[in-house]
Amino acid sequence: MKRPVSLLFAFLQLVFVGFTLAQADPKKEKLISLSEDNGGVINLNSNSYDRFTEGKRDYGMVVLLTALDDQFNCAPCREFDPEYSLVAKSFQKNKKSKDLFFGHLDFRDGQAVYQRLKLMSAPNVFYFPPQKAGERKDFVKYDLARSGFSAESFAEFLSRESGHKVNVARPVNYFKLGAKLFLVVGAAAVLKLLYRHLGFVFYHKNTWAIISILFILTFTSGYMWNRIRTPPFVMPGKNGDINYIASGFSSQLGVEPQIVASIYGLLAFSLVALIKSVPQFDDQTRQRFGVYIWMGCIIFIFSALLALFKIKNGGYPFKLLI
């Protein structure tokens, strides 16, 4: 009696193991293995990219496409790559880490993918949601220009699209923290020593006029937009060019507030010079030339500002000199 029972039990075990193996997804098992071996980031080529992103999958897949070779000089790729790796490494600690995977495809290993997708710039980030057999879901692209390069913004995008809670565990940079603390203490000590000799500067009207102008330039040039959205500083364009101005009034690059603030600052300086310095000339001829010079500066700089608006939006209707 014991023997038939033992045979039946062994048969049931074999059936259960066979059913389990039939249910296992070989692609997912391979991704789990590669993810654990590479700190959460799976290096892909054109073939593995197609294998893991096409067909049935019961997992989400994120792929970063870069061009890291020196010949491309892709500064945004080098800027975002460590932020991407940080998100991938942080998600490894999540209990759902086997449901969302992070891949990396460089141009050197994935030229066929770049050509098929007609990609002309890098980096690009695609999220492939889970899909059933026979389905063909389109990937969701992470907008780096609008959302920024920070790991926190990218993690927020993934949490929204994948349904998994993606947190960022950014390691503490003790050297940077100590350096900042040292600078703050040093600056406080210097100010205390100089206050008795330069204290009058803090009460002078020109000091507060300069501070007020700096605050105005900061908050009218788009600086707060950068702080909120954290856009890339510059973007690569066609033929290896660098774009300093993002087209459209709904987006901007990190360098744009500096350009706009510089133009506004030159306008403010020219106007103040016209009002304050020219009347101090005793000679009427010098006054006349001073007016001509500073008015010319104001008109030229204002023309540059209108030209900048034209670059931002080709339909901008106004133009002065440039």
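Cys297 is partly exposed, because its relative accessibility is 29%, where buried means under 20% relative accessible area, exposed means over 50%, and partly exposed lies in between (1.4 Å probe, protein chains only). The model is predicted, so that local features need pLDDT of at least 70 and side-chain atom pairs count only at pLDDT 80 or more, while totals for chains, interfaces and linings use all residues. Residues are numbered from 1 along each chain as its sequence is written, and side-chain values use heavy atoms, with hydrogens and water left out.

## Helix packing

Two packed helices are described by the angle between their axes and the distance between the axes. Here the axes are lines fitted to C-alpha atoms, for helices over the stretch in contact, and angles run from 0 to 180 degrees between N-to-C directions. Helices (H or I, at least four residues) and strands (E, at least two) are DSSP runs, numbered from the N terminus.

Cys297 belongs to helix 12, where it takes part in the contact with helix 11. The axes of helix 11 (residues 256-276) and helix 12 (residues 284-312) come within 9 Å and cross at roughly 160°. Helix 11 is therefore roughly antiparallel to helix 12, given that angles under 35 degrees count as roughly parallel, over 145 as roughly antiparallel, 65 to 115 as roughly perpendicular and the rest as oblique. Their crossing is left-handed, a term used if the near helix is turned anticlockwise from the far one by less than a right angle, with right-handed used if the turn is clockwise. Contact means heavy atoms within 4.5 Å, and on the helix 11 side the contributors include Glu256, Ile259, Tyr264, Phe269 and Ser270, which meet residues of helix 12 including Trp294, Met295, Phe302 and Lys312. The residues of this contact between helix 11 and helix 12 divide into 20 nonpolar, 1 polar and 2 charged; Ala, Val, Leu, Ile, Met, Phe, Trp, Tyr, Cys and Pro count as nonpolar, Asp, Glu, Lys and Arg as charged, and the others, Gly among them, as polar.

Helix 4 (residues 75-91) and helix 7 (residues 151-162) pack at an angle of about 50°, with their axes 9 Å apart. Helix 4 is therefore oblique to helix 7, and the crossing of the two is right-handed. Phe80, Glu83, Tyr84, Leu86 and Val87 of helix 4 make the contact with Ala151, Phe154 and Leu158 of helix 7. By class, this contact of helix 4 with helix 7 has 7 nonpolar, no polar and 1 charged residues.

## Buried residues around helix 4

Ala88 lies in helix 4 and is buried, with a relative accessible area of 0%. Not counting residues up to four places away in sequence, Ala88 touches Gly39, Gly40, Val41 and Phe102. Between Ala88 and Arg78, which are 10 residues apart in sequence, the C-alpha to C-alpha separation is 16 Å.

Tyr142 sits in the loop between strand 5 (140-141) and helix 6 (144-147), and at 1% relative accessibility Tyr142 counts as buried. With residues up to four places away in sequence not counted, Tyr142 touches Phe80, Val125, Ser147, Gly148, Ser150, Ser153, Phe154 and Phe157. Phe80 and Phe154 in turn are among the residues that form the contact of helix 4 with helix 7. The C-alpha atoms of Tyr142 and Phe154, 12 residues apart along the chain, are separated by 7.7 Å.

## Disulfide and backbone features

A disulfide is a covalent bond between the sulfur atoms of two cysteines. With a disulfide taken as a pair of cysteine sulfur atoms within 2.5 Å, the count comes to 1 disulfide. Cys74 is joined to Cys77 with an S to S distance of 2.2 Å, and both Cys74 and Cys77 are buried. The torsion about their S-S bond is about 70°, so the disulfide of Cys74 and Cys77 is right-handed.

Most residues other than glycine have a negative phi, and most peptide bonds are trans. The residues below are set out with their backbone values and places.

| Residue | Backbone value | Place |
|---|---|---|
| Asn73 | phi about 50° | loop between strand 2 (60-66) and helix 4 |
| Lys118 | phi near 55° | loop between helix 5 and strand 4 |
| Pro123 | omega about 0°, cis peptide bond with Ala122 | loop between helix 5 (111-117) and strand 4 (124-128) |

Asn73 counts as exposed at 56% relative accessibility, and Lys118 is likewise exposed, with a relative accessible area of 70%.
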